[in-house]
Amino acid sequence: MQKRLRMAGIEKRFPGVYALRGVNLEVNAGEVHGLLGENGAGKSTLMKILGGIYPQDKGEIFINDVDCTVMTPERAQALGVGFVHQELNLAEALNVAENIFMGRMPYKNKLLGIIDYQELYRSTQAILKKLGSKVKPTDIVGTLPTAQKQLLEIGRAISLDAKIVIFDEPTTSLGNDDVAALFKIINTLKQDGVAIIYISHRLKEIFEICDHATVLRDGQYIGTVDVKSVSQNTLITMMVGRDITELFPKEYGNIGEIILEIQELSDYAGRVKSVSFYAKRGEIVGFAGLVGSGRTEIVRMLFGADPISQGTIKVRGEKVTINTPKDAINQGICLLTEDRKGQGLSLIMSVAENINMPNMQDAILKHSKLKAIAEKFRVSLRIKTASVDTAVGNLSGGNQQKVVLAKWLNTASEVFIFDEPTKGIDVGAKAEIYQIMNQLVKENKTVIMISSELPELLGMADRIYVMCEGRLTGEILKQDATQGKIMAFATVGGHHVEPKAQ
Amino acid sequence: MKKKILVLLLIGIMMGVLTGCSGSDSKSTSNASGSDKKTLYFIPIVDTGAYWSPMKKAAEERAKELGYNLVFKTSPPSESQKNEKHIGFLQEAITSNAVGIAIAPMDPDMFDRKVKEAKDAGVSIVTFDADVKTKDNRAAYVGTDNKLAGEELGKKAAEYLKGKGIKNGKIALAAVNLTQTTMTYRQDGIRKGFEGVMGADAQSFSWLEPIQDNDQASESKRQLEGQITSNPDLIAVFSLGSEGPDTGVMEAIKSQGKAGKIYHFGFDYTPTWENGIKEGLITGIVDQDSYAIGKTIIDVMDKIIKKEKIQDNYPVAVKWVEANQIVEYGKDKQKQFTNETK
Amino acid sequence: MLNPKLNDGSSIARKIDSKDLFLKYSVYIVLVVLIIAFSLISPLFLSQANIGNFFRQVPTVGIATVGITMLLVTGRVDLSAGSIAAFAGTAAVFLAVKGFSPPVVILAAIVIGMFWGFINGFFIVRFKLDSFILTLGTDYMIRGIILFITNGIYVKGVPDWFYLLSNTKVGVNFIFTNTLVFAAVVIALTYVMNHTRFGRYCYAVGSNQEAARLSGINIQKHIIKVYMLEGSLAALAGVLLMSNLNVGAPSEAAGVGLFAMAAAIIGGAAFSGGVGNIPGAVVGIFTLEIFRNGLAILGLNSFIQQAVTGGIIVIAVVVDYYRRNR
């Protein structure tokens, strides 16, 4: 078989971190090659280097044995590298043909920019036929269902006569039938001799469609395997493969009575389906699941940020109504959002103002009092900042997270909900955040923690709920929890007991 | 689905509005053709204020007496595409088979072509307030000659100053919009009349940059206050009509404590003047007899339709009213006001 | 704490170079340069009479600017401010002519301003509308209604007390009551923006609406409140304007909202919200007004005056661009 792509010894540094260190990737023509690794393992960076979006610091790239070490987006396109993105980049107001050929329209008169629509629709029809799609070239993209839109991304790659097509988690938003259709198309491409790189967290799919798979971990090349000759466990070990206990300074609080009880909670969009759970005082409750499994939606409803369609919430044994964040705050519930910069903080406002935002009790403010409060938190949480008057935007990620924490510690909150508490935070600050969680449960408060980092959940949570496609599929106690069990619940809803990984 | 319903609903509403509008339009025209009355179009620049309101009243009354169906068309003062809109009214009159159109063209060139089209379509045109460029295309012009009116005001002002023994000084001027043709004519006329009376002494008067305020009294007030401050020898101000500059000039004189020291000559009667008579903020005005203009327009139209002989020009003289007579004059004048509005 | 923007320098290593200094204080520099230049060109510029004129001309648009600045900080705009001023001012004259007592008249005008502010705010939060478009619509609407009611004709016969609202000299020769009202509004609103929960909520909502909402701030209620306060300030400006003009002029104050917005932005506020402060905006409006006053003193052609005023707005916002991106 012909070697379509060879990337060797790829190295990429971003300020302060190694994103990739000595990574190799070889893909044959007519092969589907899986690319595996945890979040942040370096898959996207590697693909961006292949697409010419980032230049690599070291390493070689060969396409069809031609040296392409210096790659640019234009060159990548010319060499037939096509991307099918997870997030769709389509102009919803334009029609199918215009989207597929955007920027490469056939012209009747190039100077005046008069488009040859006949030719455009004819070529589009040919591509759509290849894809087995029933949409018409003139359909407006905005009116199509998601699966069909995804097809257009593939169509765009085909129209470029792509020799290497990269699928970046193409199935996250597809139903089972659509996935089957997608695989059919991938197989067609494969038979045409296209080299396919397939990125997915769903191991089941890797075994179904891929011939070989390359595993990355923390920016390092772990190995390439023949999918038919390995077990899922081997792949998981390759992907995770590290000792995690020491990273997490778990301390135990006195688990007390139930403080929060949720029954049959559903949202309007159908992303949360009849979820029931509880949390006790002195407990860290973890929520695991794939991105988009409905974890964030649950806690946003619980916090009054989004409307609740159905369900009851009991706080300290009493049924409560939560319509706005204010209601939740009054019940002692607070939420530290995943998107700190977008939702948690006002970056252009000072540390002191952010800390005091949810708790300005006086109509006329005493600045000295507010500053003193902020100063207290700056010291106790060791927030590294020149002063409490500094704009929060100037702080590092870890210190910003501490400001968000201070904001809620400043209220009478008893239930602290963390959505991805350590996302984008360096190792040192992570440990400090974990220490604060320990402190909270020792004070008989409750922590609910959503995390996509399994080690973090395994290390810190007393009890882990697992979600899959809007439903609560499992509940695991700390002593019973393993990555395999969690992933089994998260990917297939616990129907198969054998371990499957992300 | 919800979205679609909403869109349909919106379309429905818009259709309703559109047909509603055109419905009312066609009503007025079908009225015209339905009855035996002949239709005349009357298109002034606006229909509000002390100048236009009596004119409208006169036209409506006279048309009723003579048995015409008068279609009245104009736009609000703040209309952004006024010229276009009024040219559109002309076209509308042609299409709806009016026998005659009376129009106040805002610009002599802009309306010239459309007026010719109307003439070619067999519709007689009477211009008022201002004229079009090609005078052959319209049957007659009714109204004050703005140059002559300006001249009259200039003369009276010069005589007044002479009577006070004033032989030199600076003169200011304020208008709504200096680019309007009528304003240019008035300005030219004022200078001509003033210089005519002053003779050799005219050299010792100097004219400041004219003020434009877009009918914002606060603007003309602000600018004139600046001019008064920087020109202690300012002795007279001309305001070229409309309540904005009228009020702005009076209030500027008042705030600078120059009442009775700066003489203010104005254009056209408005009740606004009464604010300043007692304190000496207005010296005198020339007034166009707009009621007479309105009546004459319809009379001329009537003559044209009855194929009687007409003149090319029906000048309506302006009247000089000194401050102490303004109140009395206004009482008669206000009887001619209409209370309607667009 | 007055202005988070000014705090940037303290956290990052402080680099003092002349360009930074210039950009930071550009508005003040422009103001000083203008004053010096005009006083050199015309000795009348600093005369008592002209200073008096200036202080009597500024309050109307100045009070509107204070309101608009508060709105910009909250991340919203109001193009209908001029119409609200004309509506409330004309209504006040009407009531005054009818013989109502001063407190009733002033209170009624402010209530009218609040009402229109409520309409603006309510529609914006209820239907999640863009404030620019909504207030463009209400601007036409409010102006149209008052023109319709008055038939476009000035309301006359203003009683003496109403005229004196703006035009009473206070002590010295160049300070009038409306100047004092303006000063009071500036001081009050500066205090409100810096020392009250309401004011800090404005900054919070303007700099990150979602973060503010998730901090338990009722942003809808807050935005309506801000519009109501801004509307009542516009109404107050309208009353002072009509008092100054001695009539009720329904067509007055056209474009005041835009002019005030330009002044606020020159003074450091931003369309994106969250930044800006009242003293800065006052400097902004002073800059623009001194410029216009100076040009009038010089007796420039009024078309050129308009063009040059537009030019200074353009220059000021370009300088602001550099200030933000240094």
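This short talk describes a predicted model with chains A, B and C, going from whole chains to single residues.

Two remarks on conventions come before the details. The model is predicted, so local features need pLDDT of at least 70 and side-chain atom pairs count only at pLDDT 80 or more, while totals for chains, interfaces and linings use all residues. Residues are numbered from 1 along each chain as its sequence is written, chains are lettered from A and ligands numbered from 1 in the order in which they are written, and side-chain values use heavy atoms, with hydrogens and water left out.

Let me begin with chain A. Its secondary structure comes to 17 helices and 22 strands; helices (H or I, at least four residues) and strands (E, at least two) are DSSP runs, numbered from the N terminus. Along the principal axes, the C-alpha trace of chain A spans about 70 × 55 × 45 Å. For 502 residues, a compact globule would have a radius of gyration near 23 Å, and the 25 Å of chain A agrees with that. This radius is taken over C-alpha atoms, and the globule rule is 2.2 Å times the number of residues to the power 0.38.

Of the 502 residues of chain A, 54% count as buried. Buried means under 20% relative accessible area, exposed means over 50%, and partly exposed lies in between (1.4 Å probe, protein chains only). Chain A exposes about 21600 Å², and carbon and sulfur atoms supply 50% of this area. Such areas come from the Shrake-Rupley method with a 1.4 Å probe; for residues, only the protein chains shown count as cover.

I turn now to chain C. Chain C has 15 helices and zero strands. Its C-alpha atoms fill a box of roughly 65 × 55 × 35 Å along the principal axes. With 326 residues, chain C would be expected to have a radius of gyration near 20 Å as a compact globule, and its value of 20 Å agrees. In chain C, 58% of the 326 residues count as buried. The accessible surface of chain C comes to about 12700 Å², with 71% belonging to carbon and sulfur atoms.

Contacts are a further property of both chains. A contact means heavy atoms within 4.5 Å. Among contacts between residues at least 6 apart in sequence, 79% join residues at least 24 apart in chain C; the corresponding figure for chain A is 65%.

Next, two helices. How many of the 13 residues of H14(A) are buried? The count is 11, so this helix is largely enclosed by the rest of the structure. Among the buried residues of H14(A) are A:Lys402, A:Lys407 and A:Trp408. H14 of chain A covers residues 397-409, and its end C-alpha atoms are 18 Å apart, in agreement with the 18 Å expected at 1.5 Å a residue. The expected span is 1.5 Å times one less than the number of residues. In chain B, helix H7 (residues 217-230) has 14 residues and an expected span of 20 Å, which its end-to-end C-alpha distance of 20 Å matches. H7(B) is mostly covered, with 13 of its 14 residues buried.

Some individual residues complete the picture. C:Arg292 sits in helix H14 (residues 278-298) of chain C. Is C:Arg292 buried or exposed? Its relative accessibility is 16%, so C:Arg292 counts as buried. Leaving aside residues up to four places away in sequence, C:Arg292 touches residues including B:Glu219 and B:Arg222 of chain B, together with C:Phe259 of chain C.

B:Trp273 lies in the loop between strand E10 (263-267) and helix H9 (274-277) of chain B. B:Trp273 is buried, with a relative accessible area of 0%. Its contacts, not counting residues up to four places away in sequence, include B:Asp246, B:Met250, B:His264 and B:Ile326.

In chain A, A:His212 belongs to strand E11 (residues 212-217) and is partly exposed, at 27% relative accessible area. A:His212 and A:Asp226 are 14 residues apart in sequence and 4.6 Å apart in space, C-alpha to C-alpha. A:Asp226 is also one of the residues that A:His212 touches.

Finally, A:Asp161 is in the loop between helix H5 (146-159) and strand E9 (164-168) of chain A. A:Asp161 is exposed, with a relative accessible area of 52%, and its phi is near 60 degrees, a positive value in a residue other than glycine. A:Glu264, found in strand E13 (residues 258-266) of chain A, also has a positive phi, near 50 degrees.
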